[in-house]
Amino acid sequence: MPAHLSVDQLARDLSIRDLTDPTAGPHAVQLVIDRAVEALARRWGCEVRWWRGERIVTVADNYDNLGYRGDDVTRDARYTRYVDDERMLRSHSTALIPGALRALAAAPVDDVLLVCPGIVYRRDSIDRLHTGTPHQLDLWRVSRRRAPMGIADLDDMITVLVDALLPGARHRYEDRVHSYTVLGRQVDVARDGEWIEVAECGLTDPRVLRQAGMDRSYSGLALGMGLDRMLMLIKGITDIRVLRSDNPPTAAQLTDLTPYRPVSAMPAIRRDLSVAVDHDDRAEDLGDRVREALGKEADCVETVEILTRTPCSQLPAQALQRLGARPDQENVLLAVVLRHLDRTLTDHEANLLRDRVYAAVHRGSAHQWAAIS
């Protein structure tokens, strides 16, 4: 049985504001959604149906009804926040699609754009571009009034979206496999000399439509987009933590889509940690532990980067003793960068945060603390 969230963990996760929800207050993320929906609805002239759903979804809707295999690695509790054996916190906005399709099957129309936005819950590393609670948007066109949709329709959808959200940006495709699409793709846009992923898409797998109770006259296009990344590209924001800042001069800039003007650049403080971890621990696991241990203060941690990994079996006895490590573990050197968005951290505050990060990730029996009680 997968590990389940505790009552406190679930309450904490559900209390995090969903920036896509207008009832929680305005945010520029909502403007990104509106711009995308308006562009596609205008292009296609179809009905628009919003389906926000609940943060807690069934495991079936998150995985089974989207065609995921029963042994898919993404189902592991390392990547999934299970509420109980049958429910979980949605790990992608596509988990809302089966419910939206069932509602469409019960009240059918010939041509519709399904809009499913929301916060999702992931296991992720800590850096300037990633968070454990990102926002996503699924946009699915489902139609039965024309010939089955094909690649030309998908090309048109992507072009309309890129032109609406990032006018003038070049984009490219790379083939990808998704359980709920055929001819799946990743969409990248060019920015500052590099290609940045902005969406995953494809033709809707007919089996997903049939699973929801829709007959063979329906075909579809499926696209999922990372809203945080898109908003950062639109406004020129380089640190994802800015999107949730409550600092008034910063928050005031997060109600429109004009270019972001940095309020200040606080100095970074780096602490290198030598820790013992289990051999299968990855950056995502360490990031999740840090967020769990620090709570709201995790926003002070800009990055947790793995510099080197060494099997403890290769370490001399003195190093094993210093770490309190077992031979079956690994010695990991971490670079932890601390930077508060709104003020300068003192050395003492940095050491206290360093120690909390250290306690969260170190799996050895011996400890080396930086702060003095």
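How many aromatic pairs does the structure hold? The structure, a predicted model, holds three of them. The close-ups below visit one of these pairs, then a cavity, some neighbouring text-book topics such as strand pairing, and finally the cysteines.

**View 1. Tyr358 and Trp369 meet edge-to-face.** Look for the two rings of this aromatic pair, whose centres are 5.4 Å apart. Their planes make an angle of 80°. Tyr358 belongs to helix H11, which covers residues 347-361, while Trp369 sits in the segment after H11. Eleven residues separate the two along the chain, and the pair links distant parts of it. The partners also differ in how much of them can be reached from outside: Tyr358 is buried, with a relative accessible area of 3%, whereas Trp369 is partly exposed, at 48%.

**View 2. A cavity with a nonpolar lining.** Empty space inside a protein can be hard to picture, and a simple idea helps here. Rolling a probe the size of a water molecule over the atoms shows where empty space is left. A search of the whole structure turns up one cavity of 30 Å³ or more, and the largest cavity holds about 80 Å³ of space. Two or more lining residues come from each of helix H5 (151-165), strand E7 (181-191), strand E8 (194-204) and strand E9 (219-226). H5 gives the most, with four residues. Among the residues to find in the lining are Ile158, Val187, Ala199 and Met225. Sorted by class, the lining has twelve nonpolar residues, no polar ones and no charged ones.

**View 3. Strand E8 pairs with both E7 and E9.** Follow E7 and E8 first: they pair in the antiparallel sense over nine bridges. One bridge to look for joins Val182 to Leu203 in E8. These two strands form a hairpin with two residues between them, and Asp192 in the turn has a positive phi of about 55°. Now turn to E9, which runs antiparallel to E8 and is joined to it by five bridges. Here Gly202 has Ala222 in E9 as its bridge partner.

**View 4. Cysteines without a disulfide.** A disulfide is a covalent bond between the sulfur atoms of two cysteines. Why does Cys201 not form one with Cys116? The sulfur of Cys116 is the closest cysteine sulfur to that of Cys201, but it is 16 Å away, so the two are too far apart for a bond. The count for the structure is zero disulfides. Cys201 is buried, with a relative accessible area of 1%, and Cys312 is buried too, at 0%.

Note on methods
Residues numbered from 1 in each chain as written. Predicted model: local features only at pLDDT ≥ 70, side-chain atom pairs only at ≥ 80, totals over all residues. Heavy atoms only, no water. Disulfide = S-S within 2.5 Å. Buried < 20%, exposed > 50% of the residue type's maximum accessible area, 1.4 Å probe, protein only. 1 Å grid on protein atoms, 1.4 Å probe; cavity = no way out; pocket = protein on both sides within 12 Å on 5 of 7 lines; lining within 4 Å. Points joined across faces, edges and corners; volume = space filled by probe spheres on them. Nonpolar A, V, L, I, M, F, W, Y, C, P; charged D, E, K, R; others polar. Pairing = 2+ DSSP bridges. Phe/Tyr/Trp six-rings, centres within 6.5 Å; stacked < 30°, edge-to-face > 60°.
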